[in-house]
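Work through the exercises below with the sequence and coordinates open. Each task is followed by a solution in steps.

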Amino acid sequence: MSYLLNEPARFVEEMTDGFVAAHSDVVRRVGGGVARRRPTPAGQVAVVIGGGSGHYPAFAGLVGPGLAHGAAMGNVFASPSAQQVRAVAKAVESGAGVLLVYGNYAGDVLNFDQAQAWLREEGVPCRTVVVTDDISSAPDADRERRRGVAGDLVVFKAAVWAAEQGLDLDAVTAFAQSANGRTRTLGVAFSGCTLPGAPAPLFTVPPGRMAVGMGIHGEPGISESELPTADELATLLVDRVLASAPTGAASGRVAVLLNGLGAVKSEELFVTYRKVAALLQERGLVVVRPEVGEMVTSFEMAGVSLTVSWLDSELEQAWVAPAHGPGYHRAHMDPAVLEQEETEDRHASRQAFPQGSLESRTDARRVLQVLHHVKDALTAEAEELGRLDAVAGDGDHGIGMQRGVVAAVDAAEHAVAAGAGAATTLSAAADAWGEHAGGTSGALWQVLLGAVARHCDDTAPLTGKQVRAGVDAAAEAVVAFGGAQPGDKTMVDAVLPFARAFGRGTDEGLPLTAAWPAAAGTAAEAAAGTATLVPRLGRARPHAERSLGTPDPGATSFAVVVRTVAQSLHDSPVSQS
């Protein structure tokens, strides 16, 4: 919904006033919309874009040097009138004619066509290119019926670049048409949007579902499915967009835009683009200066679209050309910098690992197996750990532990694959945990696992004595590193009881498979007992009283880990000697 408005009927007018006031160095207000601050150079074709408001940066934000000369601005999700289009065109034309470029929607077609007719009657040469990149809105055989969505950016830039090269109106039009013919987009939506002042969303998507192919105004999609992971969504988008590639465009250089539709944050887009980039590379495509961000939005709609445009040499020049508008900026780069080099294999740059003995490599595989089990356990408990942390902290402990263990597993897998022994494998896991988990817990787990690793060996089988020494060293290291003492309501309140119980068990001659589970039970009891404490250290201390009655998340996650290790040791025991 919109939170900041006065009268809904004046929303676009007031929005435009504020937009121009904020960007008066780039744009000026003209009848029907906005135009570049400086007049169009004499003899240059003027490119006018436009459509309904509510899609920022499209369309007003895409006006400026290297971008459109002017934008006609309609009401929210409504086409600008023919009078508005005509007024903007008249304000920016300089004798070489006007090219109108806009998305293929019935109202836009009607009004832009009428404006074109009026302009021609007045002696202004005028042509039109309608953007039709949305593959979900019509089959390949009926491309002229497709909607225009985020592919607008590619076509707009192409048209303006051609105009700024001094091409005449017919040539600029042909170049923009070629760009449109090479461009494909597919979008998905996770939620609807609410027009300013409206009491309810314009449309809805059921919770936990995703509409595939939904238009930017809520036009129905082609299917509905369960909410995917980021990688699953990337795969769906890439597969379907590439399946609709222009004839003969199976490989080559491409422009790519991963567009957020309003509520999907940049960080989420980057997670998704990571997989998109990998998939495109696998398909033999070279991505040229990708864009990841918001270009065509729909108020607060949660959704994503992927645009791919297959480049020829001239369209690539247009795509990488500098541009400066209120909602889009691309700086000049030397062409040599733009050449993409062969990407090194992700794992080739990893450190070289010392080779372990046969016995230690076997133990390294056991370490990896244990870490996999710990990852599963922490993933299952992540939400609860976050809830515990949110009582008096910021609620990120669960996801932090999850990040840490996922990175630790990844590092251990590469160490094992490289032939490392148990000590090196555990050390690599410790460093990765600390690097990727972040925060206090990440640092503590790096210290804890690192201390255990230093008491292991790469040349001989792992023994119970080494595990005992490692646990004692880990407990000492955690206390020394964090400065916490028993009773401070921290991880230490579970670590020290565990280490003492484990030491007693091994002193009494219990095998590792018995001493560890017993100590894990002690850790669980100690972690539960922290509910009676109030924190004296860390971020929870300023809200200490809030946490009374809730166990400490760090102690709780430690108990989860050692409990999981106990089960793994039962399944694959370590030598007792």
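The exercises that follow go from the whole chain to helix pairs, charged pairs, backbone geometry and the surface, and they concern a predicted model.

**Exercise 1. Overall description**

Task: State how many helices and strands the chain has, what its C-alpha trace spans, and what share of its residues is buried.

Solution:
- Step 1. The secondary structure consists of 17 helices and 15 strands.
- Step 2. Taken along the principal axes, the C-alpha trace extends over about 100 × 50 × 40 Å.
- Step 3. The chain has 577 residues, and 53% of them count as buried.

**Exercise 2. Two helix pairs**

Task: Classify the packing of helix 2 against helix 3, then that of helix 15 against helix 16, and give the handedness of each crossing.

Solution:
- Step 1. Helix 2 covers residues 82–92 and helix 3 residues 106–121; their axes come within 8 Å and cross at roughly 50 degrees.
- Step 2. The pair is therefore oblique, since an angle under 35 degrees would be needed for roughly parallel and one of 65 to 115 for roughly perpendicular.
- Step 3. Helix 2 and helix 3 cross in a right-handed sense.
- Step 4. Helix 15 (residues 492–507) and helix 16 (residues 512–529) also have axes that come within 8 Å, with a crossing angle of roughly 150 degrees.
- Step 5. Angles over 145 count as roughly antiparallel, so helix 15 is roughly antiparallel to helix 16.
- Step 6. The crossing of helix 15 and helix 16 is right-handed.

**Exercise 3. Salt bridges**

Task: Say how many salt bridges there are, and describe the pairs R283 with D239, D363 with R366 and D142 with R145.

Solution:
- Step 1. Side chains of opposite charge can pair when their charged atoms come close.
- Step 2. With a cut-off of 4 Å between a side-chain nitrogen of Lys or Arg and a carboxyl oxygen of Asp or Glu, the count is 21 salt bridges.
- Step 3. In the bridge between R283 and D239, the closest N and O atoms are 2.6 Å apart.
- Step 4. R283 sits in the loop between helix 7 (266–282) and strand 11 (285–287), whereas D239 belongs to helix 6 (residues 230–243), so the bridge ties together parts that are 44 residues apart in sequence.
- Step 5. R283 is partly exposed at 34% relative accessible area, and D239 is partly exposed at 34%.
- Step 6. D363 and R366 form another salt bridge, with 2.5 Å between the closest N and O atoms.
- Step 7. Both D363 and R366 lie in helix 10 (residues 358–390), and because they are 3 residues apart, about one helical turn separates them.
- Step 8. D363 is buried, with a relative accessible area of 5%, while R366 is partly exposed at 29%.
- Step 9. E13, D17 and R29 are joined into one network by salt bridges that share partners.
- Step 10. D142 and R145 meet in a salt bridge with an N to O distance of 3.3 Å, and D142 is partly exposed at 26% relative accessible area.

**Exercise 4. Backbone geometry**

Task: Locate the cis peptide bonds that end at P57 and F59, and the positive phi values of F77 and F299.

Solution:
- Step 1. The Y56 to P57 peptide bond is cis, and its omega is near 10 degrees.
- Step 2. P57 lies in the loop between strand 3 (46–53) and strand 4 (70–76).
- Step 3. A58 and F59 are also joined by a cis peptide bond, with omega about 5 degrees; F59 lies in the loop between strand 3 and strand 4.
- Step 4. F77 is not glycine but has a positive phi, near 60 degrees.
- Step 5. F77 is in the loop between strand 4 and helix 2 and counts as buried, because its relative accessibility is 17% and the limit is 20%.
- Step 6. F299 has phi near 50 degrees, again positive in a residue other than glycine; F299 lies in the loop between strand 12 (291–293) and strand 13 (303–310).

**Exercise 5. Surface and separation**

Task: Describe the nonpolar patch that includes M1, then the setting of Q402 and its separation from S568.

Solution:
- Step 1. M1, Y3 and L4 make a nonpolar surface patch of about 450 Å².
- Step 2. M1 is in the segment before helix 1 (11–22) and is exposed, with a relative accessible area of 53%.
- Step 3. Q402 is part of helix 11 (residues 397–417) and is partly exposed at 24%.
- Step 4. Q402 and S568 are 166 residues apart along the chain, and their C-alpha atoms are separated by 19 Å.

Terms used. Residues are numbered from 1 along each chain as its sequence is written. This is a predicted model: local features need pLDDT of at least 70, side-chain atom pairs count only at pLDDT 80 or more; totals for chains, interfaces and linings use all residues. Side-chain values use heavy atoms; hydrogens and water are left out. Patches are made of residues with over 30% relative accessible area and no salt bridge: like charges are joined within 9 Å, nonpolar side chains (Val, Leu, Ile, Met, Phe, Trp, Tyr) within 5 Å. Accessible areas come from the Shrake-Rupley method with a 1.4 Å probe; for residues, only the protein chains shown count as cover. Helices (H or I, at least four residues) and strands (E, at least two) are DSSP runs, numbered from the N terminus. Buried means under 20% relative accessible area, exposed over 50%, partly exposed in between (1.4 Å probe, protein chains only). Axes are lines fitted to C-alpha atoms, for helices over the stretch in contact, and angles run from 0 to 180 degrees between N-to-C directions. A crossing is left-handed if the near helix is turned anticlockwise from the far one by less than a right angle, and right-handed if clockwise.
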